[in-house]
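Me: I have a structure open and would like to go through it step by step. Could you help me read it?

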Amino acid sequence: MCGLLGAIPAADPQTFSRALGTLVHRGPDGGAVWTDGDRITLGHRRLAILDTSSAGDQPMHGLGRYHLIFNGEIYNFVEVRRDLESKGHSFVSDSDTEVLIAAFAQWGPACLERLNGMWAFALWDSQEQKLFLSRDRMGEKPLFYLHDGKRFIFASEQKALLPFLGQVRSSPRFQQLCRNPYLYEGTEETLFAGISRFPAGHFGWFAGGRLTKTRYWAPLQNRPDIPADYGQQVEALRALLLDSCKMRMRSDVPIGTALSGGIDSSAVAAAIATAGKAHDSERMAANWQNAFVASFPSTVMDESHYARMVAQHLDIPLTEVVIDPDKSVAQLEHWAWLFEEVHEVNPIPHILLYQQMRKKGVIVSLDGHGGDELFCGYESSVLHALPAAMGSSADRRMVLGTYRDIHPRNAQFHGFSGIGIPLYLARQKVRSLMRPNPDPAIAGLAARSDSLNKHLLELAFRTVLPTLLRNYDHYSMISGVEVRIPLLDPRIVDFAFALPWSSKVRGGFTKAILRDAVAPWLPEEIVRRKTKIGFAPPIVDWMRGPLRAYLMDEIGSASFRQATLIDPAALSQAITTLIEGKDNANLYSTEKVWKEFSVYLWEKVFLQAQPSRRERLAIPA
């Protein structure tokens, strides 16, 4: 897990060094730069996890022609290395990076099909003088580039590309992109003019001044055999999850897990505990019994008691991180610079959780992201099972009952009822027709899927999951922590989308097959808990309390009044009304106000700030 930067042709050393310095948080354990004459410059910041010695440093060179910078982990590198050794390859380090070079030398781009991991990497072939780029299947690791016809520059984060731009400008489509911040991460568009996102599941060649991109993976290219019997499906998923966690527990530094008490994070924690106690996997971390939970005492968003229940049941020590926003206000601009995106969720609890992991010496966290999008966890997603359930009145009643039970009875949450349900489904149908999927691989699969899986494919590859993966990459890397996601093992992704809807919404429960797969490992109260809140701060309470003074100061500032990407008067009124409690604010309406405020923060740190000020923002307050 690291930060990478490259430039073709070779860049000015001073500018390149300044740009690489913006990625220090991603790689606090060291950095290096290598040039191939005037042809290319490669830079790397390292977070050392596998083979922490200098033998694992990058840029790494192999076979006299290959030069690699790599961000991520190849979880099955042990097995791939063994295969390569049988073909005559030898190794001088114990890192997955060296295995990646040898795999490319042996199989070329086809090596990607053999890799189980997350990655963004660039490999320069000095013999043929061309560059190979790749990003992992689901897009867990980021990769951005600018190509102006004269230069091709790529990096793990957009801020590392800004020193190469004559002027930092927002995208011409900034307002459209920010209107719904879940819609742009699955595209190649970014918030910055001149910067593009390299797509997930693709590789590319840059040669002769041209970048060509090829999709190398899509779900169900190789459809797994799914047992017809539901009980056998459950056993198959349990085995996949356990093996996925075993692979992701490979580390030469301590690992842990972010535990919320929800079924996804609890499933991962349970699989870690099961695998850790057996300790039957090569290179498994010796120190794995570390769990962390963010706590919001005396608020509706606090679910730490569920996390305590899980940790006690699994006999894993739990560190409770009590989130105090008062201590974080001074960091908000610094974090806005590091986060470099616009989103509705306040980042304070997520960042503080991973900061506490780092302070405790835990460098890797196996987390439960992806379960909602693969197995149907969101309340509105449940409704998309209705068209598939229309053939049975019992199935229809079960789906509607599942939807009604998912939310806690609290004024800060809301849902659909009565005529609202068919209206919601009709609106979603119209939107899907107006916004067809431009990716033929995903669109073709969706056309062959039932109504629920069609919707989940949209969440997993176009909207929600790409955004969450981006967010958690930033949240964790701000603190120098690597997040690994067992539920996004490609075998599990294929398995999930080969399942019928009735294995996901079943017996009145969302994510039924995942619940049943981990039921032998967890308390009944966790497995059969129906309500869902999600990991987000009590933003209504915070804006009316500990963030109040900061917000009032900002909306009264010259930078706020001069902002052009927001309507200062309208946003000032919305914040004031919310803070003074003049409306019945709920979680959703308040997050929309925070999203508009984060647009202002983005403009303040990227457009209003001078370059010297932006560089100072890279230093913690």
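Me: Let us begin with a proline. Where does proline 59 lie?

Reply: Proline 59 sits in the loop between β3 (40-46) and β4 (60-62). Helices (H or I, at least four residues) and strands (E, at least two) are DSSP runs, numbered from the N terminus. The peptide bond that joins glutamine 58 to proline 59 is cis, with omega about 0 degrees.

Me: Before I go on, what kind of model is this, and how are residues numbered?

Reply: This is a predicted model, in which local features need pLDDT of at least 70 and side-chain atom pairs count only at pLDDT 80 or more, while totals for chains, interfaces and linings use all residues. Residues are numbered from 1 along each chain as its sequence is written, and side-chain values use heavy atoms, with hydrogens and water left out.

Me: Back to the backbone. What is the peptide bond from isoleucine 8 to proline 9 like, cis or trans?

Reply: That bond, from isoleucine 8 to proline 9, is cis, with omega near -5 degrees. Proline 9 belongs to the loop between β1 (2-8) and α1 (13-21). Most peptide bonds are trans, and most residues other than glycine have a negative phi.

Me: Which sign does phi have at glutamine 129?

Reply: Phi of glutamine 129 is positive, near 55 degrees, in a residue other than glycine. Glutamine 129 is located in the loop between β6 (117-125) and β7 (130-135). Its relative accessibility is 44%, so glutamine 129 counts as partly exposed; buried means under 20% relative accessible area, exposed over 50%, and partly exposed in between (1.4 Å probe, protein chains only).

Me: And what is phi at arginine 283?

Reply: Arginine 283 has a positive phi too, near 60 degrees. Its loop runs between α6 (263-278) and β14 (291-295), and arginine 283 is partly exposed at 25% relative accessibility.

Me: New topic: how many disulfides does the structure hold?

Reply: The structure holds 0 disulfides, a disulfide being a pair of cysteine sulfur atoms within 2.5 Å.

Me: Why does cysteine 2 have no bond to cysteine 111?

Reply: The sulfur of cysteine 111 is the closest cysteine sulfur to that of cysteine 2, but the two are 18 Å apart, which is too far for a bond. Cysteine 2 is buried, with a relative accessible area of 3%. Cysteine 245 is also buried, at 0%.

Me: Which residues touch the most other members of the largest nonpolar core?

Reply: Leu5 and Phe375 do, among the 191 residues of that core. α25 gives the most to this core, with 10 residues. A nonpolar core is a set of buried Ala, Val, Leu, Ile, Met, Phe, Trp, Tyr and Cys residues joined through side-chain atoms within 4.5 Å. In soluble globular proteins, nonpolar side chains tend to be buried together.

Me: What does phenylalanine 375 touch?

Reply: Leaving out residues up to four places away in sequence, the partners of phenylalanine 375 include Leu237, Leu456, Ile492, Lys504 and Leu514. Contact means heavy atoms within 4.5 Å. A second, separate core has 18 residues, including Ile8 and Leu211.

Me: Is threonine 41 buried or exposed?

Reply: Threonine 41 is buried, with a relative accessible area of 2%. Threonine 41 is part of strand β3 and touches, among others beyond four places in sequence, Leu5, Phe16 and Trp34.

Me: Now the empty space. How many cavities of 30 Å³ or more are there?

Reply: There are 6 cavities of 30 Å³ or more, and the largest cavity has about 150 Å³ of space. On a 1 Å grid over the protein atoms alone, a cavity is a set of points where a 1.4 Å probe fits but cannot get out, and a pocket is an open set with protein on both sides within 12 Å along at least five of seven lines; lining residues have an atom within 4 Å of a point. Grid points are joined across faces, edges and corners, and a volume is the space filled by probe spheres set on the points.

Me: Which residues line the largest cavity?

Reply: Among them are Leu332, Trp335, Phe339, Glu341, Trp594 and Trp602. The elements that give two or more residues to this lining are α8 (332-339) and α25 (587-608).
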